[in-house]
Amino acid sequence: MTRADRIYHCEFALVDGVFAEQVRLKVVDGLLVEAVPGVLRQPGDVALGVVVPGFVNAHSHAFHRELRGRTHADGGDFWRWRHRMYETAAGLTPSSYRDLAEGVFTEMRDAGYTAVGEFHYVHHDLRGEPYPEHAMELALADAATAAGIRLVLLDACYLRGGVGQPLTDEQRRFGDPDVYAWLERWHALRDVLASRGRGLVTLGAAVHSVRAVSRRDLDVIADGLPPEVPLHVHVSEQPAENQACLDAYGLTPTGLLAAHGLLSQRFSAVHATHLTAEDIRLLGAANATIVMCPTTEADLGDGIGPAPELAAAGASLAIGSDQHVVIDPWEEMSRLELDQRLRLQRRGIFTPDALWRTGTTGGHHCLGLSKVRRRSPGLGLQEPFDAVEINPTTARTRGVELHQLPLAARAADVTATIVDGTLTRPEQPGDSSRC
Ligand SMILES: [Zn+2]
């Protein structure tokens, strides 16, 4: 991918927590190097309207998109939904996975997501035998590149079917022979991705859940992964997971992860719905990130996690669309606040500033795309210019104060996304133009 230098002129741009007017943005080699407010548009500038940082989908399973609108008729709980998900996973091939993922990633980009953390565990064929040359992983990488979205591939260690239980037949393609084989495959995959040069794809790591590995495996992972690599884990999404962990180890999932030294700034707990006060303290003290997935958690009846308590304890927050019942960063941000209003029976739990940060900088940090956690939301200098243009005059957004857009806008109000120097206008599919 080539990256041209370009000057953008924005009617409004979110910079350092403020919507500045008439902002000229200088982009060199994909990086935003200068933002000057109060300047008229010059000939040759690319004209944009209201511009905000690109959103980060910090938790995705692309193939779950196939379940949208297909699991409501027969009711059932999380575990029945999971059975349907396994049926879908069983049908994936490298080719179908690539096509499916490109469609899902394109839907994300058009909704305003400019980066995605793909929590990936469908590694092998149905017998658990490896495909040649990381075929499933490269299918996702190629899909993201084709869709024009930044991808952090979170390759997941998934060795057990439950605490102390082997993988079931339907989980066989998720697993590796043991934790050392997973680490070896992970390092080999990193080398393959690095050999492709600087692009939109980087590699992170995941542990599916404390159900999926042993205590010894946790130690090997803590020692074997480079310390800067993002590490994501599903944590306490369901009470049954907590109970199984308590029965086996006498510890909550968070307590177990802490006991093995895995909680740190590079750690992200996905969901973290059913936590104890001590869990919250541990996650906050570690400055870990919590990836909240409000639309999925509502769809699956998971519950409402203690997001404000986690933030108060020192944790960072990010959003994810997880199983993709909805792909819309604006809806995830507003639900994050509205769910807490229902839970706590008061308004104003998260400020609009906090919602902007959760949708943008929180996700960038937890995927290793940004080393710093900026206090104010906005476009970052010397960072890749990933951004979204939003129409503030649609029937839905008319009259909205720009700063409060996270509580009012929806994906249909997005008029352009910019990822690494490529501007795409979703209302004109196929008419993507490089800038
Ligand atoms: Zn998940």
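1. Glu-107 is partly exposed, at 25% relative accessibility. In this predicted model, Glu-107 pairs with Arg-68 in a salt bridge whose closest N and O atoms are 3.1 Å apart. The two residues belong to distant parts of the chain: Glu-107 sits in helix H2 (residues 94–111), Arg-68 in the loop between S5 and H1, and 39 residues separate them. Arg-68 also counts as partly exposed, with a relative accessible area of 26%.

2. The structure as a whole contains 24 salt bridges. As general background, side chains of opposite charge can pair when their charged atoms come close. One of these salt bridges joins Arg-127 and Asp-125, at 2.8 Å from N to O. Are the two partners buried or exposed? Arg-127 is exposed, with a relative accessible area of 61%, whereas Asp-125 is buried, at 12% relative accessibility. The cut-offs behind these words are under 20% for buried and over 50% for exposed.

3. Another salt bridge lies within one helix. Glu-278 and Arg-281 are both part of helix H8 (residues 277–285) and are three residues apart, about one turn of the helix. Their side chains meet at 2.9 Å, N to O. Glu-278 is partly exposed, with a relative accessible area of 40%, and Arg-281 is partly exposed at 44%. Elsewhere, Glu-137, Asp-155, Asp-176 and Arg-185 are joined into one network by salt bridges that share partners.

4. Next, the metal site. Which residues coordinate the zinc ion? They are His-59, His-61 and His-234, each through its NE2 atom, at 2.1 to 2.2 Å. Along the chain, the donors follow the spacing H-x1-H-x172-H. His-61 is in the loop between strand S5 (55–60) and helix H1 (78–90), while His-234 is in strand S9 (residues 231–235), so this pair ties together parts of the chain that are 173 residues apart in sequence. His-61 and His-234 are both buried.

5. The loop between S5 and H1 thus appears at two places in this note: it holds the zinc ligand His-61, and it holds Arg-68, the salt-bridge partner of Glu-107.

6. Three cavities of 30 Å³ or more are present in the structure. The largest cavity has about 170 Å³ of space. Its lining is made up of 17 residues, of which Phe-78, Trp-81, His-208, His-234 and Glu-237 are the closest to the centre. His-234 is therefore a point to check twice in the model, being named both in this lining and among the residues that coordinate the zinc ion, in strand S9.

7. Which element gives the most residues to the lining of the largest cavity? Helix H1 does, with five residues. Sorted by class, the lining has seven nonpolar, six polar and four charged residues.

8. A last position to look at is Gly-362, in helix H13 (residues 361–366). Gly-362 counts as buried, with a relative accessibility of 5%. Leaving aside residues up to four places away in sequence, Gly-362 touches Thr-289, Ser-316, Leu-317, Ala-318 and Arg-357. Between the C-alpha atoms of Gly-362 and Val-116 there are 13 Å, and these two residues are 246 residues apart along the chain.

Methods:
Residues numbered from 1 in each chain as written. Predicted model: local features only at pLDDT ≥ 70, side-chain atom pairs only at ≥ 80, totals over all residues. Heavy atoms only, no water. Donors = N, O, S within 2.8 Å, 3.2 Å for Na, K, Ca; no water. Helix = DSSP H or I, 4+ residues; strand = E, 2+ residues; numbered from the N terminus. Buried < 20%, exposed > 50% of the residue type's maximum accessible area, 1.4 Å probe, protein only. Salt bridge = Lys/Arg side-chain N within 4 Å of Asp/Glu carboxyl O. 1 Å grid on protein atoms, 1.4 Å probe; cavity = no way out; pocket = protein on both sides within 12 Å on 5 of 7 lines; lining within 4 Å. Points joined across faces, edges and corners; volume = space filled by probe spheres on them. Nonpolar A, V, L, I, M, F, W, Y, C, P; charged D, E, K, R; others polar. Contact = heavy atoms within 4.5 Å.
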